[in-house]
Amino acid sequence: MTLSDRDATGLLTRPESFVQLVDETGARRHDAEFDPWVADVDAAALGRLYRDMVIVRRLDAEGVALQRQGELGLWPPLAGQEAAQIGSVRALRDDDFAFTSYRELAVAWARGVPAEGLVTTWRGTASSGWDPAAHRVAVPQIIIGAQALHATGYAMGLRWDHSDAAAIAYFGDGATSEGDVNEAFVFASSFEAPVVFFCQNNQWAISEPVGLQSKQELARRADGFAMPGIRVDGNDVLAVLAVTRMALERARRGDGPSLIEAVTYRMGPHTTADDPSRYRDEAELAAWRERDPIARLLALLEGLGVDVAGLERETAEAADAAAAELRAACLGLADPPALSVFEHVYAEPNSHVARQREHYARYLALFADEASDENGAGR
């Protein structure tokens, strides 16, 4: 693979710079190296991938709406990145373990996390949304890039246990500049850990373009750590599935880690606290809308003779039902007791936390006393 040509915004302009099996028009591009990795993916399987992407896009839209309506404190949109997340997570086995950042709604959903778990943290009713062991996916990591270390440590444990399971770490392009990610690369390579580093290059690290922090393709950073790096069209769910399967198989047979750079785009804001119109223009958005992962897969399915009208109708109904379930779960969450924020901070009792809890309890008691005085004064 060669370095890509880029226009003034840093967008990819040459498809041959990455692995692509379905182009923007929905046409199938055959590749002798990667076609065998998806030889089992027939029209029915493609339809299931389409369904997955439509549902998570609808869930994401509902999450944004809930935040705008004051029901959630924050929401990190994934619109535009559905193929990267669904294509990679559907390559995992049940016994593999995923470590994510805060944007991987699709990964959590695909691993069976219930609707309530998807919104608990963002509503502020708990510090985490689900049991990681039950779903084989860690709770979202807010510290940029820290999950790469967690995945590496877990993968090293798998190797020592002689397991053929693997770990996958999801992070964005901005995280590749973090020390945690580079330290994870060092340990994973040195100990041949069975981990796949999955970078979703969505072109923007909050408000800075990827070209500002990297003058070459992010996948090439793998070279310095003696592990393979591969670049894939992150809006092509079939190519993502193929590349991730290949990297996971490499990990399972004991050949160590790989770095995947999925070239995609964040269509919405970094989070709902962000205003992307301040740093990018409409022309850039329009260019990436032409590469929409869902429309592309639907075009492929239509070319295969699938009843796309029926598929769209059935999938839209399923997506609306999932969104309604998400909203009901969100609105049904009860506010936790105020002092519960001090629980589970440490595994063992801690005097500093106990002292803070005592101070906060006295502070809350002031309001109870005021309410009692007001009620007494009114009698």
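Helix α12 packs its buried residues against three other helices, α1 (43-68), α4 (115-123) and α11 (293-303). This is a predicted model, in which local features need pLDDT of at least 70, side-chain atom pairs count only at pLDDT 80 or more, and totals for chains, interfaces and linings use all residues. Residues are numbered from 1 along each chain as its sequence is written, and side-chain values use heavy atoms, with hydrogens and water left out. Helices (H or I, at least four residues) and strands (E, at least two) are DSSP runs, numbered from the N terminus.

**Helix α12 and its partner α11**

- Helix α12 covers residues 308-331. Its 24 residues should span 34 Å at 1.5 Å a residue, and the end C-alpha atoms are indeed 34 Å apart; the expected span is 1.5 Å times one less than the number of residues.
- The buried residues of α12 include V308, L311, T315, A319, A322 and L326. Buried means under 20% relative accessible area, exposed over 50%, and partly exposed in between (1.4 Å probe, protein chains only).
- An α-helix has 3.6 residues a turn, so residues three or four places apart point the same way.
- The axes of α11 and α12 come within 10 Å and cross at roughly 140°. Axes are lines fitted to C-alpha atoms, for helices over the stretch in contact, and angles run from 0 to 180 degrees between N-to-C directions.
- That crossing makes α11 oblique to α12. Angles under 35 degrees count as roughly parallel, over 145 as roughly antiparallel, 65 to 115 as roughly perpendicular and the rest as oblique.
- On the α11 side, L298, L301 and E302 make the contact, and on the α12 side V308, L311 and E312 do. Contact means heavy atoms within 4.5 Å.

**Two residues to look up in α1 and α4**

- A43 lies in helix α1 and counts as partly exposed, at 31% relative accessibility.
- Leaving aside neighbours within four places in sequence, A43 touches L301, L304 and V306. The C-alpha atoms of A43 and L300 are 9.2 Å apart, although 257 residues separate the two along the chain.
- T120 belongs to helix α4 and, at 6% relative accessibility, counts as buried.
- With neighbours within four places again set aside, the contacts of T120 are T125, A126, S128, G129 and L333.

**The sheet**

- Five strands form an open sheet in the order β1-β2-β3-β7-β6, with parallel pairing. Two strands pair if DSSP finds at least two bridges between them.
- β1 (97-99) and β6 (229-233) stand at the edges with a single partner strand each, so one side of each has no neighbour in the sheet.
- From one strand to the next, the twist averages 20°.

**Strand β3 and its neighbours**

- β2 (residues 167-172) pairs with β3 (residues 195-201) in the parallel sense over 6 bridges. Across this pair, Y170 stands opposite F198, and I168 stands opposite V196.
- On the way from β2 to β3 the chain passes through α7, in a right-handed β-α-β crossover. Right-handed means that, with the strands pointing away from the viewer, the path from the first strand over the helix to the second runs clockwise.
- Another 6 bridges join β3 to β7, again in parallel, and F198 has I260 of β7 as its bridge partner.
- Both faces of β3 are covered, with V195, F197, C199 and N201 buried on one side and V196, F198 and Q200 on the other.
- Helix α7 (residues 179-190) lies across β2, β3 and β7 (258-263), running at about 150° to β3.
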